[in-house]
Structures are given as C-alpha cells and as structure tokens.
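Biologist: Could you take me closely through one part of this model, the central sheet and what packs around it? I would like to know which strands form the sheet, in what order, and which residues touch the most other members of the core.

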Amino acid sequence: MSAQVIDGRACARSLKEGLARDVARLAADGIGVGLATVVVGEEYASAAYERRLRRLADELGVVYRPRALPEGAGECELIDVITELNDDPRVSGILVLRPLPRHIDEASAFRAIDPRKDIEAVHPENAGLLALGVPRYVPSTAASVFHLLDGWLDSVGEDRADFYHRSRIVVVGRSNNVGKPAVSLGYQRQATVESVDEWADRTNGLGRHTRQADVLIVAAGKAGLIRAEHVRREAVVIDVGINPGRDAEGNVRMVGDVDHDSVAPRVRAITPVPGGVGPVTDVWLFHNAVLAARLLAGRPPLSGALSGPGSTEPLLEAS
Ligand code: NAD
C-alpha cells in the first residue's frame, strides 16, 4: 500500500481562483485589499517568501507594500514602521516576518500591530481569541494544515466531525507560529490533541507519542525527523517542515521534516514537500488580508466554500 499524496498545489490553485473573484468584487465596491510585510535584517528564507508574495499579489490584484529595515534597526524604528502601516488606508493586512533580530522584543513589536490588520494573529488579542476557539484570523500555516485535512476527508467521503471526534492528533513542534495554533485548531474540532516538543525527543520519547497519532502534524524544522518507525499504519501525516536538503545527485532541494520515502508506504495519506502545506499557506495569507479588508470596511464575514462546521473560517463577529 502507498499513501494518497495530498496535493497542496491543486488546493492552492482553487483557493486562489476564489480569492481573485473576492478581490475583484471588493474592488468594484471601492474596497482595496493591501498586504504589507516588514522584514528586519537579511534572511534568505524571508527574501524567498517575499518574492512569492509579490508574485501572488500581482496575480490577485492586491496592493503589496514590502518594508525592509537593516539588521541593526531598533525596536522603536520597527514600531514606527508598524504604526505607519496601521495608519495606511491602502494596507489591510500586516505581516512582520520572523525571526526578528535578538535585540528586538518580538512581543512588543507584535503588540504594536493594529489587531484588525494582524492577519497572522500574533497580537495578544488575536492569539487569545484563537486560543479561546473564536479566532478573528487563523494563522496561515495552521489554517492550511487543517484546510488540507478537511479537504482530504471530504475527498475520501469521511464525515469530518466523526473523524475528528474519534481521532488523536499529535503535533510535533510547539512554536507560537505553527505548533500552538495547530493545537488550538485541533481542539476547535473536538479532537484529542497532544503536543510534542524537542524535550520528548531528547529523552527518546518521540516515537512513543507519534506512533499513537491518527493524524500526525510535524512542524519542527528538522529534516527527516519522522521516519517509518515513528508512524502507525493508516495515519494521516501532514509535513509542515521546510529544510534545505540534497537529492540522490547531490543537488540542493527543499525537504520536509518527514522522511517521505520510508513513511509514505506505511500511511494512509501524506503531504509532500514541496507541494504540500507551503503553497496553501501563501494563498491563505491573502485570504486573511481579504477578511481584514472586509472587517475594516464594516462588511460581514465571508461565507461559502471556506466556512462550515469545524472549518478554518475565522469568526469575524468576534471583532
Ligand atoms: P520554530 O523553530 O519556531 O519551532 C520549532 C519547534 O519544533 C519548537 O517548538 C522546537 O522545540 C520543536 N522541535 C525542534 N526539534 C525537535 C525535535 N527533535 N523533536 C520535537 N520537536 C522539536 O519553527 P516554526 O516556525 O514552528 O517552523 C517549523 C518548520 O515549519 C520549519 O521547518 C519552517 O521552515 C516550517 N514552516 C513551514 C511553513 C509552510 O508554509 N509550509 C510555514 C511556517 C513554517
């Protein structure tokens, strides 16, 4: 048996088509959608991410305003830029890229973002709403994980609620960025959720936890961390990791946290890297920017393909 491969690119394409229509409809009503990114210092991964966002913004008809500060910029300078973007009517969503240099306090910077424009839910108000199960915005990576899972369940004819209620979801990695929001979304679906971090791995306990998973979500940033012996047969595996790796010919290529070749033959379904969570995450950020534009314009939340029971659709009424 070999796993079904969950196609993130196809999912991203269909999300993009819907979003382009939403953006055009809002534009016809005089409501612009704008995304701003703020980078401090030079990070290879951030630069690549920005290029992808710029391309997507072009395709979707979204205004894109990238801001870059030098590595040595202080917290006040960063907060000044964020305040400027808060006040800019062309910007509906703001993304401050991680990692920030060590001399900047991440929490202080995130608190400076207008919560209505905080599309990655890093402001304590939005992080709190997510933890309470009533998110204003669902952070894009965790949203993509569950959007892919929900779509896969629909494709195999499984009832979403029934599946989640009887499933144990194990999330490897506990960052504020990915792991914790994924745990919150698992709770929101009334699944049994376990969070595993590097401390479990250091005491050789990783497999003891991961082998119990019906759904294994891996976001540790460690190439090949999860191998065949870490998964149970019939599990669904979502690989969030993005790591530099090499193919058999020695060429540099992107690899996930899951050793795809050894894991895929054992499990029911798996996301590839590249072509899994990543493309959906990119588009989801724009989905959140559209929600923000609607919120700022006093429009009701979106309904339709992205809403429904246990969905990743944010509840704008929480605002
Ligand atoms: P992070 O470094 O902030 O957090 C990693 C987490 O994994 C931490 O909680 C850490 O303690 C834990 N961890 C590290 N080693 C571990 C081990 N051996 N066993 C168990 N847990 C371990 O990273 P992040 O921002 O959460 O990102 C995680 C990965 O996901 C990275 O590879 C990143 O590039 C990738 N990522 C992908 C997307 C996407 O769209 N596909 C988006 C964001 C991040």
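Modeller: What follows starts at the sheet and moves outward from there.

This is a predicted model, in which local features need pLDDT of at least 70 and side-chain atom pairs count only at pLDDT 80 or more, while totals for chains, interfaces and linings use all residues. Residues are numbered from 1 along each chain as its sequence is written, and side-chain values use heavy atoms, with hydrogens and water left out.

The sheet is open and has six strands in the order 1-11-8-7-5-6, with parallel pairing; helices (H or I, at least four residues) and strands (E, at least two) are DSSP runs numbered from the N terminus, and two strands pair if DSSP finds at least two bridges between them. Strand 1 (4-5) and strand 6 (192-196) stand at the edges with a single partner strand each, so one side of each has no neighbour in the sheet. Strand 7 (residues 215-218) runs parallel to strand 8 (residues 236-239), and four bridges join them; here Ile217 stands opposite Ile238 of strand 8.

Ile217 is a good residue to follow into the core. Leaving aside neighbours within four places in sequence, Ile217 is in contact (heavy atoms within 4.5 Å) with Val145, Phe146, Ile169, Val170, Val171, Val172, Ile238 and Val240. Together with Phe146 and Phe286, Ile217 touches the most other members of the largest nonpolar core, which has 61 residues. Such a core is a set of buried Ala, Val, Leu, Ile, Met, Phe, Trp, Tyr and Cys residues joined through side-chain atoms within 4.5 Å, where buried means under 20% relative accessible area, exposed means over 50%, and partly exposed lies in between (1.4 Å probe, protein chains only). In soluble globular proteins, nonpolar side chains tend to be buried together. Helix 12 (residues 277-296) gives this core its largest share, twelve residues. Because domain 1 (26-123 + 279-296) and domain 2 (140-272) both give residues to the core, it lies between them; these bounds come from an automatic or database domain assignment. The centres of the two domains, taken over C-alpha atoms, are separated by 27 Å, and seven residues of domain 1 are in contact with eight residues of domain 2.

Helix 6 (residues 140-155) lies across strand 1, strand 5 (168-172), strand 7, strand 8 and strand 11 (269-270), and runs at about 150° to strand 8; the axes are lines fitted to C-alpha atoms, for helices over the stretch in contact, and angles run from 0 to 180 degrees between N-to-C directions. Helix 6 also contains Asp150, which counts as buried at 3% relative accessibility. The side chain of Asp150 is joined to that of Tyr164 by a polar contact of 2.7 Å, a polar contact being a pair of N or O atoms within 3.5 Å; within protein, one must be able to donate a hydrogen and the other to accept it, and residues adjacent in sequence count only if both atoms are side-chain atoms.

Helix 8 (residues 179-188) is largely enclosed by the rest of the structure, because seven of its ten residues are buried. These are Gly179, Pro181, Ala182, Val183, Ser184, Leu185 and Gly186, and the buried residues of helix 8 pack against helix 5 (124-131), helix 6, strand 5 and strand 6. Just after helix 8, Gln190 takes a positive phi of about 60°.
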